[in-house]
Amino acid sequence: MIVDLIVWPTLAALLWVNRRRPLLWPLLALALLLLFNRVFTPGFFVLEIRDGRLYGTLVDVLNQGSKVMLLALGMTLVIATGGVDLSVGATMAIAGAVMARLADVSVPVALGGGLGVALLAGAWNGLLVSAFRIQPIIATLILMVAGRGVAQLVTDGQIINFEQPALVYLGNGALLGLPFTLALVLGMFVLTALLVRRTALGLFIEAIGDNETAARFTGLPARPVKFLVYVFAGLCAGLAGLVAASNIKSADANHIGLYLELDAILTVVVGGTALTGGRFQLAGSLVGALLIQTLGTTLYARNVGADVATVPKAIVILAVCLLQSPVLRAKLAGLRRRPPAAATKEGTV
Amino acid sequence: MSAPALVCRGLTKRFPGVVALDGVDFCARGGEVHALMGENGAGKSTLIKALTGVHPRDAGEAEVDGRPVHPRSPREAEAAGISTVYQEVNLIPDLSVAENICLGRQRTRFGFIRWGDARARARSALARLGLELDVDRTLSECSIAVQQLVAIARATDIDARVLILDEPTSSLDAGEVAQLFTVVRRLRDQGLAIVFVSHFLDQVYALADRITVLRNGRLVGEFPVAELPRLQLVAHMMGRSVDEVEALRHRERPAAAPGEPLLSTHGLARRHAVLPLDLELRRGEVLGLGGLLGSGRTEVARLLFGLDRADAGETRLEGRKVEFHSPADAMRAGLALTPEDRKTQAILPNLTVRENLVVALQARRGLWKQIPRAEQDRLVADFTRALGIKTSGPEQLIRNLSGGNQQKVILARWLATEPRLLILDEPTRGIDVGAQADIERLLAKLRDQGLAIVFICADTAELSRNSQRIAVLRDHAKVAELTGADVNEQAVMRAIAREAAA
């Protein structure tokens, strides 16, 4: 089948290229999960073209995963500075609410308003963390708790529906036969990658996350950089919020982005970025998001109830994290090396 | 001399790409102080870590009192009779002295800790060292020296046979060192085998009975102190002949040819840190900043570099008034500072040598002008060669380098910014004689190239050897400025002591 001809060589190539890189483990987990579905879940790999657009479970995975992928881009940079942003789910709700509220004014205003308010939310977090030096978990908890209330105020407690084609296209449209959200994610990923690897931002972020005191002694603008990453996380959350609202053609302040901040954090960690800050893996975070989404879709496809689906999800995440744990890997390496070591020991006696 | 308490045979430890320990034999006897000497990277730390279970060893064996030990964690090592006190005090500052001594070993009744018992135990552990302390005091209120002694009390509270002291004196002043040594001798006389690691030769000769020298992960030999002259020891450590070392020691200090003034301060002050200070820094000159620990040397450096804000006085750069609100400001003006505490203030441990080296230059060029990779690689190659940095490559993580090599990378980081004024706060602390000699040579070379250098150093001999002028600080104020023939150890000591007597 044509899908197999695309998926497996791509995965194999990615695995080979990353065989000595941190990306290996999440990629491997993703490959195994896809293989499982190829064998045991009928229809998982079936794609069909209707009205010039691809449909199928794999496409659903990409489309559904786009929100967490967007969040993960911003979250990766925040976590790399040694921080965390708990408010991204709430920011999504606010952005969605503002967009819906302004939908009747005009499309550009609605989009600009939604993203603008998300940037403001990010700036608020950044201000608390960098200027007032409040611990990130507390600083962003404030907006996490208050954000949905703000979204409710924006919508007057109503669920606001909208039908402007451009706004609906954002979360449901197709570009070159693939979901538009995929293009959005790819665009943001390339933009972010250029921003961190073609400027010194990546080095600055990793230096600050690794040893903030030393970074300051070296003249790095630690506070502006921290401010910037929260603003960026806000922007990513805003985009995700617009997509989420567009998906359901309405702003539901209570449900848009609910618990997605936790998925985003998980995704970043599964992708190989340590919560302690420092080195980050932007591509790893995307693979992590795909892994978590594929897992969710797999469970759904196999009729595992949403209430208990969290258990297998937790198990897979635990496995990936354990595989990345230096302690466990040292132990496993030790098991393999123990016999020769014992031999040398006897040899020297 | 009594029976061996600790015997190691053929200890071997490999890390990816290096053999850190290569079949090393080591033996410490009860009732002796045994110094473990070697340059950075010689394998001292690895040997200690292999003994205390931090690193599993790859081959070889260790025995304590004839019983084989194979610790997999510091706790197991302690249970086997090997206790360790590290350079940085590894205690919990917010707990009391008693809690720190008994932490993790409290006896309980019905699951509750018996605090009376813990306090009594802490008191008796301290009494064994001849110390009397209020065991309810919070540890952070005690001086570093006392904290160090508390760490020793904790280490010897259990039935230790071997006590390893890893650079215990590097943050202590002379009086505190003497106090520490009294305690160490007392423990030795109680029959403990004490392994003493230090870079201070004076202290090794004052305290040790026997010296084992390592070089490049191999055993050079074991010598009774009395039979090993200092020069010979240094020669063993560096792997050079005694004549070569002699030549190094008697390097001539060229007569000062002071250049024009670069930076001057007038009444520069900061409350609780620096009293009004007048300093003049000239091109092509090393100004030494001397004084006891806590006399305000580091505070002066922080003030000059814009890490702290002055609340009085002014700084002039080439006659123009300047104000540095941040290190970035100071860097733009051509200043550079290698901080006192390499580990917490300088290195980015999980980043590579390359990244650590280019980060200051990148900070100066700004966020948008990324240094091209080719230029980064060239910088690393140039400085690695120029400063003799030993790495397995530019992409090695800096935390895997020895202290001396880390320090050289930090120096390179700042030299890459092509500074006009270089402030070095204790650049040779905790590094070996070889790297120290390298850094002193570099200092002279940079001075001759016209840099203005501020050299902060606690060791008066090293200070006077490398400076053309010395400002002596005491209680946050400049109490003397020595020039010309007065730049010598005795004069520095006198300047410190004169005020002390007053």
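The chat below goes through the contacts, cores, sheets and a few single residues of a two-chain model.

Colleague: Before we start, what kind of model is this, and how are residues and chains labelled?

Modeller: This is a predicted model, in which local features need pLDDT of at least 70 and side-chain atom pairs count only at pLDDT 80 or more, while totals for chains, interfaces and linings use all residues. Residues are numbered from 1 along each chain as its sequence is written, and chains are lettered from A and ligands numbered from 1 in the order in which they are written.

Colleague: How many residues does each chain put into the A–B contact?

Modeller: Chain A contributes 25 residues and chain B 28 residues, where two residues are in contact if their C-beta atoms, placed from the backbone, lie within 7 Å.

Colleague: And which elements of chain A give two or more residues to that side?

Modeller: They are α9 (201-210), α10 (212-217) and α15 (326-348) of chain A, and α9(A) gives the most, with 6 residues. Helices (H or I, at least four residues) and strands (E, at least two) are DSSP runs, numbered from the N terminus. By class, this side of chain A has 10 nonpolar, 9 polar and 6 charged residues; Ala, Val, Leu, Ile, Met, Phe, Trp, Tyr, Cys and Pro count as nonpolar, Asp, Glu, Lys and Arg as charged, and the others, Gly among them, as polar.

Colleague: Switching to the inside, which residues have the most contacts in the largest nonpolar core?

Modeller: That core has 171 residues, and those with the most contacts inside it are A:Leu71, A:Ile94, A:Met99, B:Ile423 and B:Phe455. Helix α11 (residues 222-248) of chain A gives the most to this core, with 18 residues. A nonpolar core is a set of buried Ala, Val, Leu, Ile, Met, Phe, Trp, Tyr and Cys residues joined through C-beta atoms within 7 Å, and a residue is buried if 20 or more other C-beta atoms lie within 10 Å of its own, exposed if 12 or fewer, and partly exposed in between.

Colleague: What is B:Phe455 in contact with?

Modeller: Leaving aside neighbours within four places in sequence, B:Phe455 is in contact with residues including B:Val286, B:Leu289, B:Leu424, B:Leu443 and B:Leu463. A second, separate core of 72 residues includes B:Cys8, B:Val162, B:Val177 and B:Val184.

Colleague: Where does chain B split into domains?

Modeller: Domain 1 of chain B covers 4-249 and domain 2 covers 261-314 + 322-501, with bounds that come from an automatic or database domain assignment. Their C-alpha centres lie 30 Å apart, and the contact between them takes 12 residues from domain 1 and 16 residues from domain 2. On the domain 1 side, the largest share, 3 residues, comes from helix α8 (residues 230-238) of chain B.

Colleague: What strand order does the sheet with β1 of chain B have?

Modeller: The order in this open sheet of 4 strands is β2-β1-β4-β5 (chain B), with antiparallel pairing, where two strands pair if DSSP finds at least two bridges between them. The edge strands, each pairing on one side only, are β2 (18-29) and β5 (67-69) of chain B. Strand β1 (residues 4-15) and strand β4 (residues 59-64) of chain B pair over 5 bridges, and B:Leu6 stands opposite B:Val64 in β4(B). Helix α1 (residues 44-51) of chain B packs on the sheet, touching β1, β2 and β4 of chain B, and its direction makes about 70° with that of β2(B); axes are lines fitted to C-alpha atoms, for helices over the stretch in contact, and angles run from 0 to 180 degrees between N-to-C directions.

Colleague: Now phi, what value does B:Asp65 take, and where is B:Asp65 found?

Modeller: B:Asp65 has a positive phi near 50° and is found in the loop between β4 and β5 of chain B. Most residues other than glycine have a negative phi.

Colleague: Why does B:Asp65 count as partly exposed rather than exposed or buried?

Modeller: B:Asp65 counts as partly exposed because there are 16 C-beta neighbours inside 10 Å.

Colleague: And B:Glu418, where is that residue, and is it buried or exposed?

Modeller: B:Glu418 is in the loop between α15 and β19 (421-425) of chain B, with a positive phi near 50°, and B:Glu418 counts as exposed because 11 C-beta neighbours lie inside 10 Å.
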